Amino acid sequence: MATLVSKRKKTTRRHGRPAPQLIFGDLWEYDPAPETADPKLKPRYDLFINGRFVTPKSGKYFDSINPATEQKLAEFALAGAADVDAAYRAARRAQRNVWGKLSGRERGKYLFRIARLLQDRAREFAVAETMDNGKPIKETRDFDVPMAAAHFFYHAGWADKLEYVAPGRKVAPLGVVGQVIPWNFPLLMLAWKIAPAIAMGNCVVIKPATNTPLTAVKLAEIFEDAGLPPGVVNIITGPGSTGGLIMAHPTAAKIAFTGSTDVGKIIMRSVAGTDKKMTMELGGKAANIVFDDAPLDQAVEGIVNGIFFNQGQVCCAGSRLLVHEPVAARFVAKLKTRLRTLRVGNPLDKNTDVGAIVSRDQLASIQHYLAIGVKEGAELWQPPCRLPAKGFFMPPTLFTGVTQSHRIAREEIFGPVLAIITFRTVDEAIEKANNTPYGLSAGVWTDKGSRILKMAAELKAGVVWANTFNKFDPASPFGGYKESGFGREGGRQGLLDYCQLV
Ligand code: TAP
């Protein structure tokens, strides 16, 4: 249990006597409450091909470090073309000879087992994810790991009901699927990609990001324990070039990519002219829109949750705040008050709200955007906070005085940085929210149901949250418009992207 220590600052009243003044950022300091579960790390992890861990043919390995301490966590195999080939051969064999022939009911049992095993090892996975990615343990413990298990449970439920995916039509698997995922939700993205693919009868070759390979290889241990037939899921670690090999491989009937729009475009160019099916989940620049009739305190929590928890490293992060002019000053003041109470620091501490940025490069990229914002004339504000001496940390940051032409309002920063813009009318809010090449998500905060419906209809975003933000459910499809990509993940629509209609 954390101990609360009051740190009241003394100031002087006009008549000379000291009076307590509440300084929010310093008011309560909790004792550290580090998570103690053992992440069960091995010094070295190999490739998971055909149901076994095998050394890479290149003989090479790379390190993954803990971004909060800058210490090495473990080393991971660096796969080359021969390894990717071996993984695809194993996947094709498994799909043709075993997995594709199994009934949906039998496949569902494996998915169910994987979900249960993940739940059994939830604490261990949460700690491993936090150490590899830098996000706070309360995020990995309460969201990433349970939601990953939920995706396997959900798709276990679908596996014997596939005739309802496309009523009136028969569905069949595509074959082998190549998948590449980013570093911001390493385990959850694995679940998003693998669960629907294998529920439908496909087999998979998948690569996690170089920054965060740990929970992918740990998930392979769960596949072993679940007795998943060899070759159904093959986990390949390595750099972007390995991802390119996976995406372009001729055996892949479908490729599914989650990552930046720039890399998505490179991949699309590389497979142009082939008959591969594609799902692209790319970048975002979501607008969180607060009207003057919104429950403002609730909206403050939504904004904070949308951009500052997870260090803003969320594709659907509400990185633009559009606030109605009559309440703008009051709302920004409330937001600043709330930001002063956020704890930035050791992500393994259960009290931490804002953890570490995933890598030194990503931190440098965010800091570069701060400099751009200031140079373009926006006003930067950060709450006072002490950052740890080691590790890649940065305080939550607001920019006011932002216009739509500012780069901080147009480009994906992927960090805890909020650009605040004001608006006067509903139409202006819609126009400003849609004035972006992206279209992944948006949030609307208002008391009026009719306004919510109008905004939801007119915002060009794959998801529109109303009076809440960043809420997910495996049954709810997720995906983008415009440069945020195409295809959906989750729900019945997500399964449709992994089947052919026959
Ligand atoms: P990227 O740099 O695009 O990397 C994503 C993955 O692609 C990584 O595994 C990366 O490997 C690999 N990769 C890099 N170059 C490649 C190439 N030429 N061919 C094939 N694969 C390649 O993105 P990131 O920095 O990891 O993640 C942040 C981005 O992901 C943000 O833009 C965010 O919005 C987006 N994102 C979108 C969503 C959805 S659902 N729309 C969800 C999460 C994240 P290395 O790690 O080895 O470079």
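Contact here means heavy atoms within 4.5 Å of each other. Helices (H or I, at least four residues) and strands (E, at least two) are DSSP runs, numbered from the N terminus. The model is a predicted one, so local features need pLDDT of at least 70 and side-chain atom pairs count only at pLDDT 80 or more, while totals for chains, interfaces and linings use all residues. Residues are numbered from 1 along each chain as its sequence is written, and side-chain values use heavy atoms, with hydrogens and water left out.

A good place to begin is the sheet with 7 strands. It is open, its pairing is mixed, and the order runs β18-β19-β20-β17-β16-β21-β22; two strands pair if DSSP finds at least two bridges between them. At the edges are β18 (379-381) and β22 (463-466), each with a single partner strand, so one side of each has no neighbour in the sheet. From one strand to the next, the twist averages 20°.

Helix α11 (residues 325-339) lies across β16 (287-290), β17 (320-324), β18, β19 (397-400) and β20 (417-423). The helix runs at about 135° to β17, with axes taken as lines fitted to C-alpha atoms (for helices, over the stretch in contact) and angles running from 0 to 180 degrees between N-to-C directions.

What about β17 itself? In this strand 5 of the 5 residues are buried, so β17 is largely enclosed by the rest of the structure. Buried means under 20% relative accessible area, exposed over 50%, and partly exposed in between (1.4 Å probe, protein chains only). Both faces of β17 are covered, with Arg320, Leu322 and His324 buried on one side and Leu321 and Val323 buried on the other. Next door, β16 pairs with β17 in the parallel sense over 4 bridges, and Val290 has Val323 of β17 as its bridge partner. Over at β22, strand β21 (residues 441-445) is a parallel partner, again over 4 bridges; here Gly443 is bridged to Trp465.

Another open sheet has 3 strands, in the order β5-β9-β8, and its pairing is mixed too. Its edges are β5 (44-45) and β8 (61-66), each with a single partner strand, so one side of each is left without a neighbour in the sheet. Strand β9 (residues 71-77) pairs with β8 in the antiparallel sense over 6 bridges, and Ser64 stands opposite Ala74 in β9. Lying across β8 and β9 is α4, which runs at about 100° to β8.

Helix α4 (residues 122-133) also packs against helix α5 (residues 137-159), at an angle of about 125° and with the axes 9 Å apart. The two are therefore oblique to each other; angles under 35 degrees count as roughly parallel, over 145 as roughly antiparallel, 65 to 115 as roughly perpendicular and the rest as oblique. Among the residues that meet are Phe125 and Val127 in α4 and Ile137 and Val145 in α5.

Finally, the loop between β22 and β23 (485-486) holds Asn467, and Lys482 is in that loop as well. Most residues other than glycine have a negative phi. Asn467, though not a glycine, has a positive phi of about 55°, and Lys482, also not a glycine, has a positive phi of about 45°. With 23% relative accessibility, Asn467 counts as partly exposed; Lys482, at 42%, counts as partly exposed too.
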